[in-house]
Amino acid sequence: MKISKKDALMWFRFFAELPEGETLLPHQQEIAFAVLTQLEDAAEARHAALEAQVPGLRSLDGRTLFVGDEGNFPQGCRSCLTGTGLSAVRRTNRCNLACPFCYDYGCLDAQPPVGEDLWEIGGTKYRTADLPMLLSVSRRPSGICYVYLEPFMEIGLYYEPIRIFAEAGVHQHLYTNGTLATEENLRALGEAGLSELRFNLGATNCAPKVIEAIKTAKRFIPRVGIETPMTPAFWESFHARKREILATGLDFINCAELHLGENNLENYLGESLYMYRQGYLSPVWSREITLRLMREAAEENWPLVVHDCSNRTKFVRDLHGKAQEGGWFGASSWGSEFSSIPYGALIPALEDDTLPFVTEEELPEGYRPGDIVL
Ligand code: SF4
């Protein structure tokens, strides 16, 4: 059913008014899903037009896109997309910032603690002293990454686990907003054996202090890059300091397609959003910014990789992760961050004249206004 934008808007206005928790009847669900597909097609058409303008666009085993020398492609992403998966290690439950795009926006002070001297790995808690035992019993992962909030809030705790995993030959990457990075702690991370450090440069709108920290990190850590959600604010601040950023000698820029959940959605209401395969909800402009940055990098021959960490890449990542766990054919952990379709949040996209539906048809009989749609 190639529902028209006008009909889609009428139905979504109606669905948005329904009492919370009320489930749609099967024919109404068909309409809702048809609208999501139409919006996804419209967004993908805009993305495809920009993709076609990126010279030298390359694919990593059909799983993700990038430009630049493959030797600079982040090993942590390679491990997650083609290795034994994304093995996340959680520890720090605090952050010193409150970014509008943060998945924990509005509840950054209420993140559950992992526990004193504990590391959460694969859903289980370990003391640092348990890590050699874990490595001896389990299949060694190709890579691990330290996730959760801002690790530099207590970076001294990280050196010993990093040393243990480094001795076992495990690739390790860590994310930071960079505001608490110093020459001393960056050197200590490098000496402990951290393989890759990723700066969320959008968290500070490309603050000079963080750009300086990227440069310092390059002296001590083998691979250093940026990983940040692509937003118009990042695009502007990046271009205001582009020369200094590229002069840091960084290896890659991972352009994350911003996705929204219950916590950060309020900061992007009114933007044109779409859902990817009924999963992540994203502003259409986020991947457009990625593709514009990739084009610029390719045309100007930046000496680094720019990687399209899109919703599709994450879709593939989840599929690959499940396959590594021995999941059945097609199994994936991909899904929506919302308990039901956020109809109201999708209305601006349906009102956006710059986002036309690719093809439209009249609604079939039984689905039209005035019909009883059950
Ligand atoms: S720096 Fe990272 S964890 Fe902290 S608020 Fe920003 S996105 Fe969230």
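Strand β9 (residues 223-229) and strand β10 pair in the parallel sense over 5 bridges; two strands are taken to pair if DSSP finds at least two bridges between them. Helices (H or I, at least four residues) and strands (E, at least two) are DSSP runs, numbered from the N terminus. The model is a predicted one, in which local features need pLDDT of at least 70 and side-chain atom pairs count only at pLDDT 80 or more, while totals for chains, interfaces and linings use all residues. Residues are numbered from 1 along each chain as its sequence is written.

In the pairing of β9 with β10, G225 stands opposite F252. On its other pairing, strand β10 (residues 252-256) runs parallel to strand β13 (residues 305-309), and 5 bridges join the two. Here N254 stands opposite H307, and A256 stands opposite C309. The side chains of β10 alternate: F252, N254 and A256 point one way, I253 and C255 the other way, and all are buried. A residue is buried if 20 or more other C-beta atoms lie within 10 Å of its own, exposed if 12 or fewer, and partly exposed in between, with C-beta atoms placed from the backbone. Because 5 of the 5 residues of β10 are buried, this strand is largely enclosed by the rest of the structure.

These three strands belong to an open sheet of 11 strands with mixed pairing, in the order β1-β2-β13-β10-β9-β8-β7-β6-β3-β4-β5. Its edges are β1 (58-60) and β5 (124-127), each of which pairs on one side only. Direction ignored, neighbouring strands of this sheet are turned by 30 degrees against each other on average. At the β5 edge, strand β4 (residues 118-121) pairs with β5 in the antiparallel sense over 4 bridges, and I121 stands opposite T124. The two strands form a hairpin with 2 residues between them, and G122 in the turn has a positive phi of about 60 degrees.

Two residues, one in β9 and one in β11, illustrate the surroundings of individual strand positions. P229, in strand β9, is buried, with 27 other C-beta atoms within 10 Å. Leaving aside residues up to four places away in sequence, P229 touches F101, G202, A256, L258 and S286; two residues are in contact if their C-beta atoms, placed from the backbone, lie within 7 Å. P229 and I214 are 15 residues apart in sequence and 17 Å apart in space, C-alpha to C-alpha. L273 is found in strand β11 (residues 273-275) and is likewise buried, with 25 other C-beta atoms within 10 Å. Again not counting residues up to four places away in sequence, L273 touches L281, S282, P283, A345, L346 and A349. The C-alpha atoms of L273 and E30, 243 residues apart along the chain, are separated by 20 Å.

Among the helices, α5 (residues 159-167) and α6 (residues 183-192) pack at an angle of about 30 degrees, with their axes 8 Å apart. Axes are lines fitted to C-alpha atoms, for helices over the stretch in contact, and angles run from 0 to 180 degrees between N-to-C directions. The angle therefore makes α5 roughly parallel to α6, since angles under 35 degrees count as roughly parallel, over 145 as roughly antiparallel, 65 to 115 as roughly perpendicular and the rest as oblique. Helix α5 contributes Y159, I162, R163 and A166 to the contact, and α6 contributes A188, L189 and A192. By class, these residues divide into 6 nonpolar, no polar and 1 charged. Ala, Val, Leu, Ile, Met, Phe, Trp, Tyr, Cys and Pro count as nonpolar, Asp, Glu, Lys and Arg as charged, and the others, Gly among them, as polar.

The ligand is surrounded by C95, L97, A98, C99, C102, D104, L108, L149, E150, N177, N200 and A203, a residue being near a molecule if its C-beta atom, placed from the backbone, lies within 6 Å of it. This shell has 8 nonpolar, 2 polar and 2 charged residues.

Two loop positions deserve attention for their backbone geometry. Most residues other than glycine have a negative phi. N205, by contrast, has a positive phi near 50 degrees; N205 lies in the loop between β8 (196-199) and α7 (208-220) and, with 16 C-beta neighbours inside 10 Å, counts as partly exposed. N301, also not a glycine, has a positive phi of about 55 degrees. The place of N301 is in the loop between α10 (284-299) and β13, where N301 is exposed, with 9 other C-beta atoms within 10 Å.
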